[in-house]
Each structure stands twice: as structure tokens, then as C-alpha cells.
Amino acid sequence: MRKKVCVPVLFALLVAAMVIVAPTLRAQDDGDAWSKKKSAWLLLSAADRTQAMEFAEDIKNYLNVARSALGSNREIIRRAKSAGFSEFTKPDQVKPGSRLIISNRDRSLILAVIGSQPIVEGSRVIGAHEDSPHIELKGRPIYPAGGFALFKTKYYGGIKKYQWSNLPLALVGRIDTTDGRTIDVSIGLNPGEPVFVIPDSAPHSDAELRGRTYTNVLQGEELDPVIGSIPGEKESVAVEVTQLLTSTYKIKEEDLVSSELALVPAAHPADVGFDRGLVGAYGQDDRVSSFCAGRTIIDLKGTPKFTALAYLSNFEEVGSVNNTGAGSQFLNSTIARLIGAQRGSSYNDLDLRRALRNSLVISADANDSLNPIFPSTSEATNAARLGYGVTIKLYGEGFDAPSEFTAKMRGLLDRNGIPWQTHTYKVDMGGGGTIGGFMSREDMEVIDFGVPLLSMHSPFEMSSKVDVWNFYRAMSAFYEQ
């Protein structure tokens, strides 16, 4: 015979069940892994917090001047020379403890600290890339339109084009002339300098544009900033601007064909939030990793057992192409040069093959973070979050490190008290890659590490100060193991 349960008792049981189940549901909503994790901020001592904050001030200083791969290269070389590194020019420099600079055409870079073991026994390599999405000038960039002078441009890397309108932009890069001069260009970063702006349409008159889709609010051929507005008595604004530019830099208009000029956000790095826990700045993908790699090897004390290499490449955002991208032979050639300096006339190609196979690599690159406004774009259980530590990137599709190497690196992080998390993109909804595949192809053992960013690939990305500081600590532990 079935027993009857009165309504008040049934209601009480339901409430009790909800109290028990609700925390579990919330944990599942957030991802079960997150219910067991603490923010990396809560793991810091007072002294650690001070160090993390001071480290963030240094990275802001770097990001303020490193607005391009050229600027990053220049700044990291400056820092390395101040710390006692020397340009590698002759074989007898390669001895235990030597601190060497190998620059590749001003656009990529290797810093080396020679270890006590021969290089054929392997090295510890941290690879990152110094380029970030930006807007480039076309070869014939200046043209008139609607009584203004504009730059004709093309975009570089994966950007949301609409994000680049109505922003103060700076012009940075170099111009090379047929008489052998190199002219460095930087306009818009210092107080009082002019900036350049891609104009948007006013909401009063944009009815014909309102049907555009999310990714085509601005189209590629519409990313043209205003660069002048005052005509001459007899000449157009474009002619006046051209004459101003050529006279200022003592160049001909044709010299712009042999230039590398980029438009980048002019905003300076800043703290984000009342608590100042985040760094907001352009170019943190992936100059946050380049900075950490460079700073780590510069700070490395004494002589490591295995040679330490910080490899800062270029052109990752467009496939690691060119002779300064990770698809080039620059890393292999540099390791071969260092081995050749140690072994002299007995060097052969098998020495290089052995050195590569014995090398361990961190491929360092930023990754997307779970977004508090758009959480549905991530799968919460496996999405990295700002403030929860270094990311082990598990992208699948052959990108992942072998499980035994992943276990080894997990152990390194755990032994050094470095908080870590994982990141995998939502299936069929996104993805990413790093320079690690190019080094894996050379038989090196590679794992992908990073830090999460909010607003990744935007003109103002955000990173957590505690994540970046722990990334630096992870790199230090890797070199010193």
C-alpha cells in the first residue's frame, strides 16, 4: 500500500534537496575543476604580492616601448647588454657561463647562457614571438579622399576590424633608402605628437550600414586613417602631407615602397580595476611571453647545467613565415654555430641532430581566457581564467606534448609552488597554434605554456599580474632544473 506524503513535508524535502544539490550544480556550471581551485592571488605571501606588482611595472615599461617586433628586439637587446650580454661574433666566446646575443636582421633574437654540459647534450629553450596583430601601410600609402589625406592600409594577423576605428593610432617602424640609410619612425606615442584615426560613421546617418554583420562592420579596405586635412593654395591635402613627410625625414615618396610602417594603438599600458590586478596594454599576445623569456634569461644567475636559450621569433600571427619567423632555420643555425664553436673542426651534422633531440622546449604564447560577458564561447571545465596561474595548453590535433613530458613539466611546476591550469578550446568553435610545431618538427621535446588574456587580439588586451609573474617563475625553474 502506497503511503501518502503531506504537501508541507514534500515541500521541505524539496528545499533540502535544493540546498544540497545547488552547490553541486553551481560547481558544474563553473566546471568541476574550478570548484577545487583557488585563485593564484590567494596563494601569495605579502612579499610575493609585492614582487608580482613590481614585476608588472617592469612589463608595462617594456610594452610601452615595444610596439612592434622591431621595437621589442631593440628593447630586449638593450636590457641584455646592460646585464652583461655580448654580441656573438667569434667562437672563443662560447664557454660555460658566457652570455651571448644573436640577433637576426633586427626582427628576431636569441639570447644564450652557455651551460656546463656540451651543447650536444641538449639545451633548455623558451620560444615566443614578438609580433602582434596590427595595421600596415601599403607600398603607395598616401591618397586623397573627401578633402582629407588618408593612408591606404592592409591588416596583419587576426583582428576584429571594427575595434580599430575611433582610436588614436601611432605610426612606428622604419624606412630604408637606396643610399643605404635606415630611418626609424615613431609618431604618436609621446605627449604632444599627432595621432592618426580611422573614422567611423555617426549614428545619425549610418542607416545604410546597419545591416552589416558583426565581422564586417568595417571592411578591410575601409581601415584607412586620417593623416591630414589642410590643403595648400595650389595642392591637395594629400600632396601637402606627402611633402611634409618627405621633407621631415629627408626621403623621396618612392622610399615608402621600402618601408615597414605599422599603425598601432597609441594608448599607454595601464592597470585595470580598482584593485589594479590586471595589466591592460596593446601587444600582450605575444610580447608578454617575449618579455618573460627575455627577463628570465637576463636574470639567470651563474652557469646552468644545460645551455639556456631564449628564442624570440617573428611573423607568428601570419604563419611564422619569412627568414625571421619560426619556420626559418635561424634556431637550428644558431645551435649549429654554438656547437661548432665548442667542437671545432670535428663538428658534423649529427652533432646538431643529437643536440636538437636532447633539447627541451617551452613554446610560450598567450591564450584566450574565459570571458565573464560571453562565457558561452568557452567550455568552462577546460577554459583558462585570469588569475589562476600558468596555462598548459591542450589543443589536441597533434599539438599536445607527449604525456610523459607533460607529467615532467607538471612536476616542475608543483615542486616550485607555481599554480597552473589547462586550456582547450570549445570543439568546432575555435582554436589556436604556436611556434611549438616548428621545433617539434626538428625532433625537440616541446610543450605549450601560456597565460590567459581577456580581449585577446584586440587593441587593448588584459592579463593578470599574478599569472605573468608566475609565468616568469615557471621559466626560471625550467632553466635552472
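Is Lys154 buried, partly exposed or exposed? With a relative accessible area of 38%, Lys154 is partly exposed. I should say at the outset that we are looking at a predicted model.

Let me stay with Lys154 for a moment. Its partner in a salt bridge is Glu136, and the closest N and O atoms are 3.8 Å apart. Glu136 belongs to strand β5 (residues 134-145) and Lys154 to strand β6 (residues 148-156), so this pair ties together parts that are 18 residues apart in sequence.

A second pair sits within one element. Lys60 and Glu57 are both in helix α3 (residues 46-65), three residues apart, which is about one turn of the helix. They form a salt bridge, with 2.9 Å between the closest N and O atoms. Lys60 is buried, at a relative accessible area of 12%, whereas Glu57 is partly exposed, at 37%.

A third pair joins Arg181 and Asp179, whose side chains meet at 3.3 Å, N to O. Here Arg181 is partly exposed, with 32% relative accessibility, and Asp179 is exposed, with a relative accessible area of 54%.

Salt bridges also link several residues into a network: Asp58, Glu75, Arg78, Arg79, Arg295 and Asp299. Over the whole structure, the search finds 26 salt bridges.

I turn finally to the pockets. The largest pocket has a volume of about 910 Å³. Its lining consists of 37 residues, and Lys160, Asp368, Tyr425, Met456 and His457 are those nearest its centre. By type, the lining of this largest pocket comprises 10 nonpolar, 19 polar and eight charged residues.

Technical notes:
Residues are numbered from 1 along each chain as its sequence is written. This is a predicted model: local features need pLDDT of at least 70, side-chain atom pairs count only at pLDDT 80 or more; totals for chains, interfaces and linings use all residues. Side-chain values use heavy atoms; hydrogens and water are left out. On a 1 Å grid over the protein atoms alone, a cavity is a set of points where a 1.4 Å probe fits but cannot get out, and a pocket is an open set with protein on both sides within 12 Å along at least five of seven lines; lining residues have an atom within 4 Å of a point. Grid points are joined across faces, edges and corners, and a volume is the space filled by probe spheres set on the points. Ala, Val, Leu, Ile, Met, Phe, Trp, Tyr, Cys and Pro count as nonpolar, Asp, Glu, Lys and Arg as charged, and the others, Gly among them, as polar. A salt bridge is a side-chain nitrogen of Lys or Arg within 4 Å of a carboxyl oxygen of Asp or Glu. Helices (H or I, at least four residues) and strands (E, at least two) are DSSP runs, numbered from the N terminus. Buried means under 20% relative accessible area, exposed over 50%, partly exposed in between (1.4 Å probe, protein chains only).
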